[in-house]
Amino acid sequence: MRCPYCSAPDSKVVNSRPSDDGASIRRRRECLNCTRRFTTYERAQLEPLMVVKRSGPREAFNPDKLLRGLTLASEKRPVDPAALRAFAYSFEDEVQAAEIPATEIGRRAMTFLRPLDDVAYIRFASVYRDFDSLERFIEEIRGLKDRDDAGPTDPTREP
């Protein structure tokens with residue numbers, strides 16, 4: 001494992017323990033060159049989850065890409081970054097299929113963000129649903145308020 005600080009090729013494992021309910025191993029490492037410490041995560045990867053993009057091509061699911069979108073949507077909002085990270089990195093484990101449409105990832109992310117923070121939800125929705133006008137944006141906000149006024153939502157209904 002290369003050191004992220006000095007790029008030295010060797011490091012030693014200082015501590016190792018299960019993480020994420022045993023789905024991965026968290027390792028604390030120390031660079032043999034600069035002696036700085038860093039953390040790595042190791043997890044089994046059987047077959048990558050393939051994402052079917054809107055335009056047709058397929059690519060391997062990247063939890064960092066999902067986390068980046070969630071983080072941008074919740075920037076400067078009272079959303080726990082650990083919750084975002086847990087959702088993004090456990091997403092692949094929860095999907096039971098070999099492929100998933102990108103639209104389904106977006107829908108699940110919106111369902112996740114909705115109870116956490118309305119502003120983060122709207123920010124994510126504005127990119128995911130590709131609002132093309134101010135009216136469409138306002139309509140989504142009104143729909144959000146209507147769902148709040150109506151009480152608990154049906155979990156099978158798209159947000």
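Here are some informal notes on this predicted model, running from the overall fold to single residues.

1. Start with the layout. The protein chain holds 5 helices and 6 strands. Reading from the N terminus, you'll meet the elements in the order β-β-β-β-β-α-α-β-α-α-α.

2. A word on the chain as a whole. It has 159 residues, and 31% of them count as buried. Taking the contacts with a separation of 6 or more, 43% are between residues 24 or more positions apart.

3. Next, have a look at H1, which spans 63-73. Its buried residues are Pro 63, Leu 66, Leu 67, Leu 70 and Ala 73. These sit on the same side of H1, because the arc they cover around the axis is only 125 degrees. What do the buried residues of H1 pack against? Their partners are H2, H3 and H4.

4. H3 is worth a similar look. This helix has 12 residues, and from first C-alpha to last it reaches 17 Å, close to the 16 Å expected at 1.5 Å a residue. Ile 105, Gly 106, Ala 109, Met 110, Phe 112 and Leu 113 are the buried residues of H3. They too fall on the same side of their helix, since they cover an arc of only 160 degrees around the axis of H3. The packing partners of these buried residues include two strands, E4 (50-52) and E6 (99-101), along with the helices H1, H2 (81-94) and H4.

5. Now to the largest pocket, with about 590 Å³ of space in it. Its lining is made up of 21 residues, and the ones nearest the centre are Lys 53, Lys 65, Leu 66, Ile 105 and Phe 124. Two of these names have come up already: Leu 66 is among the buried residues of H1, and Ile 105 is among those of H3.

6. Where does the lining of that pocket come from? Strand E5 (58-60) and the helices H1, H3 (102-113) and H4 (118-128) each give two or more residues to it. H1 provides the largest share, with 6 residues. By type, the lining residues split into 11 nonpolar, 4 polar and 6 charged.

7. Don't skip Ser 74, which lies in the loop between H1 and H2. Is Ser 74 buried or exposed? Its relative accessibility is 6%, so Ser 74 counts as buried. Leaving aside residues up to four places away in sequence, Ser 74 touches Val 79, Leu 84, Ala 120 and Arg 123. Ser 74 and Phe 124 are 50 residues apart in sequence, yet their C-alpha atoms are 8.3 Å apart in space. Phe 124 is also one of the residues nearest the centre of the largest pocket.

8. Finally, check the backbone at two spots. Ser 7 has a phi near 65 degrees, a positive value in a residue other than glycine. Ser 7 is found in the segment before strand E1 (11-19), and with a relative accessible area of 45% it is partly exposed. Thr 35, again a residue other than glycine, has a positive phi near 65 degrees. Thr 35 belongs to the loop between strand E2 (24-31) and strand E3 (37-43). Thr 35 counts as exposed, because its relative accessible area is 52% and the cut-off for exposed is over 50%.

Terms used: Residues numbered from 1 in each chain as written. Predicted model: local features only at pLDDT ≥ 70, side-chain atom pairs only at ≥ 80, totals over all residues. Heavy atoms only, no water. 1 Å grid on protein atoms, 1.4 Å probe; cavity = no way out; pocket = protein on both sides within 12 Å on 5 of 7 lines; lining within 4 Å. Points joined across faces, edges and corners; volume = space filled by probe spheres on them. Helix = DSSP H or I, 4+ residues; strand = E, 2+ residues; numbered from the N terminus. Nonpolar A, V, L, I, M, F, W, Y, C, P; charged D, E, K, R; others polar. Expected span 1.5 Å × (residues − 1). Buried < 20%, exposed > 50% of the residue type's maximum accessible area, 1.4 Å probe, protein only. Arc of directions from axis to C-beta. Contact = heavy atoms within 4.5 Å.
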